[in-house]
Amino acid sequence: MKSAAMLRLVTFKNPKNKTLFIIMMAIVLVMALAMPSKFLTSINIQSMASQFPEFGFLALAMMLAMITGGIDLSVVAVANLTGVAAAKILSASVENGTPAGTAMVMAVLAILVVSALAGLANGSLIAFLGVPPILATLGTQGLFMGLSIVLTKGHSISGFPEEFMVIGNGNFLGIPISFILFLAAAYLVSVLLNKTQQGFNMFMIGSSPVVSKFSGVNNTKVLIKTYMLTALLAGLASVIMISRANSMRPGYGTAYLLQAILVVVLGGVDPDGGFGNIPGVIMAIFILQITQSGLNILAFSPFFKKFMWGFALLLVMVLNYLLQNRSSRRKIRLMSNDTKHTDTGETV
Amino acid sequence: MNIKQLMKHNETYILLIILIFSAALTMINPVFLTLENMFDLLRSSSGTAILAIGVFLVLLSGGIDVSCTAIAIAGQYISVNVLIATGIDSIALAFLISILIGVSLGAINAVFISIFKLPTLITTLGTSSLYHGLLLEVVGTKAVNAGDLPESIKAFGKIEILTLTRADGSSYGLSIFFLILVILLLLTWFILKFTMVGRGVYAIGGNAEAAKRTGYNSHKIQFFIYCYAGFLAGVMGVMHISMIRYGNPNYLVGTELSVIAAVVLGGARISGGTGTLTGTMLGVILITILEKNLILMGLSSYWQQFFIGVVIILGVSITYAQNKFQARRNLSIGGA
């Protein structure tokens, strides 16, 4: 079973993933050749593996929304809100001397509850009231981010129990714990998408909401579940965020929104919905992280990176468009050849 | 028009909300309903209103534009730096450069959206990051203080088209910004109402395929929309710096949420084809009153983003819920 999955990953059922794999390897090669003493060191690899999970969770969240043909602009805001809620509980526990274990359980519970409610709000607006996902999540983005600013008055909250910081900074057998958590989440999302009714229905809605509705799918229920799962993943991102930084400042990670959309699109998820797979998105996340680390080592300014991400997003989208155009044109040509063939066959 | 018809329009509801809100504010603080405060509101909201016209046009065509603020700040910062570097102290040149930059950046948006058929949200998210990153990387991050600012830009912000005198002899007036806004509104109204390309904006927003088959050139229309939105952003950029007399390349970016909120509140639908300029302006007024008077209402400025979020959610919920239930009613009538 496991080897079959591995085989499928290696043989690339999806041609886009093959391209992604080649790009990823090319970037690794270029980085390794350009700075052999800095890039392929165990410290750099370890730091890369601990840097991206907080953002990787947001990308997984964005992926779920996009597969149904929607988008969630509130992922970073949800992560901020849940982060503030958890940070309040954790820092209060340090002050009051509550046992760290109890505080951590309470913080995680708070994150689950807050993110579920946030997702329910998004899902209800989209599924019940028929508000387009862009506008609904644009509004809730303001609401959630505004709430986290109100709750903290714009200040950062810091000082969490030592035990909590292990999640973001600790290693297990030399592998960052946050990286392990990310892989586990990615595996669960992949099971959800490929093995469950919910996942199947999400792809259906993404391809055509009308068809899925008339095939007996309860679109409302599926969409609300999707946005709750999306918010849940965003909430989990905040666990890693706050434990890595040992503090929470509202407005943290706003640049992640663009990057999340970038990797999801780069990873082969169709912004119009209906297509997307986990291996592609994971490779896209790796590509982004490797490039990011490379730019950091070469000391590029954050402004240049901002420019880069915008440029990369547009480039990927244009390339996708051109490739799709070419393949659809080829399909039409093949189809017309086929018909010619049968025509002559009939006349002879 | 009778009341029943009036109640079908989004504009009526917003106007009612604005009136109720203003009455409440006046009761809390009578200063609100003075001519001076009104003039001040008009001056400070003109910029948002001009950006809103551009975003409105984009929404009307079935798209969304989050890059307008990045374009405005690029136009502003580059034109001011050119003026300082060359030593030419002319407001006309500032506007010219800013508008040229605005139109070109708008055209780049249009290339992606019209030729490569990319989704408008993702395109403008990408270009806004690209434009702003490039501006900070290439032009710089240095703020321009009032002392370094060309005189003509500072002077322009102080021009008044109507000056009134207070009881104590000091004067206040209606800023030239309001005149610019009115001219741009009339221009946009004329284009939308009387020109082929303007009707085309409604047409491709209503149904792109149908518009194409009717003979509208959708490339031309989309280039017009994004270049015009860029032009408006360019005008707004120079106005903004002459108002606050301080140039910071990190300003404006991030406020696109309020602009979109205003347009959406005004009743424009993201699916395109519906919406009015009147509604958009009412939306801008509502958002501005809300933003400027939170403190007057006894709430600290931390609440600003929260309230904008609430207002957007309420606005879109009403618009789309109405739409959905209307459709259901029509369906059931059709079934019976």
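Is Cys227(B) buried or exposed? In this predicted model, Cys227(B) has a relative accessible area of 19% and is therefore buried, since the cut-off for that class is under 20%. Cys68(B) counts as buried as well, because its relative accessibility is 3%.

These two cysteines lead to the matter of covalent cross-links. A disulfide is a covalent bond between the sulfur atoms of two cysteines. Over all chains, the structure contains zero disulfides. Cys68(B) takes part in none, and the cysteine sulfur nearest to its own, that of Cys227(B), lies 15 Å away. Seen from the other side, the closest cysteine sulfur to that of Cys227(B) belongs to Cys68(B), and the separation of 15 Å is too far for a bond, given that a disulfide requires the two sulfur atoms to be within 2.5 Å.

A second feature involves both chains. Two packed helices are described by the angle between their axes and the distance between the axes. Here the pair consists of helix H13 of chain A, residues 256-266, and helix H6 of chain B, residues 120-139. Their axes come within 11 Å and cross at roughly 125°. With that angle, H13(A) and H6(B) are therefore oblique to each other, and the crossing in which H13(A) passes H6(B) is left-handed.

The residues that bring the helices together can be named on each side. H13(A) contributes Leu258(A), Ile261(A) and Val265(A), which meet Ile122(B), Leu125(B), Gly126(B) and Ser129(B) of H6(B). Sorted by class, this contact of H13(A) with H6(B) comprises five nonpolar residues, two polar residues and no charged residues.

Key
Residues are numbered from 1 along each chain as its sequence is written. Chains are lettered from A and ligands numbered from 1 in the order in which they are written. This is a predicted model: local features need pLDDT of at least 70, side-chain atom pairs count only at pLDDT 80 or more; totals for chains, interfaces and linings use all residues. Side-chain values use heavy atoms; hydrogens and water are left out. Axes are lines fitted to C-alpha atoms, for helices over the stretch in contact, and angles run from 0 to 180 degrees between N-to-C directions. Helices (H or I, at least four residues) and strands (E, at least two) are DSSP runs, numbered from the N terminus. Angles under 35 degrees count as roughly parallel, over 145 as roughly antiparallel, 65 to 115 as roughly perpendicular and the rest as oblique. A crossing is left-handed if the near helix is turned anticlockwise from the far one by less than a right angle, and right-handed if clockwise. Contact means heavy atoms within 4.5 Å. Ala, Val, Leu, Ile, Met, Phe, Trp, Tyr, Cys and Pro count as nonpolar, Asp, Glu, Lys and Arg as charged, and the others, Gly among them, as polar. Buried means under 20% relative accessible area, exposed over 50%, partly exposed in between (1.4 Å probe, protein chains only).
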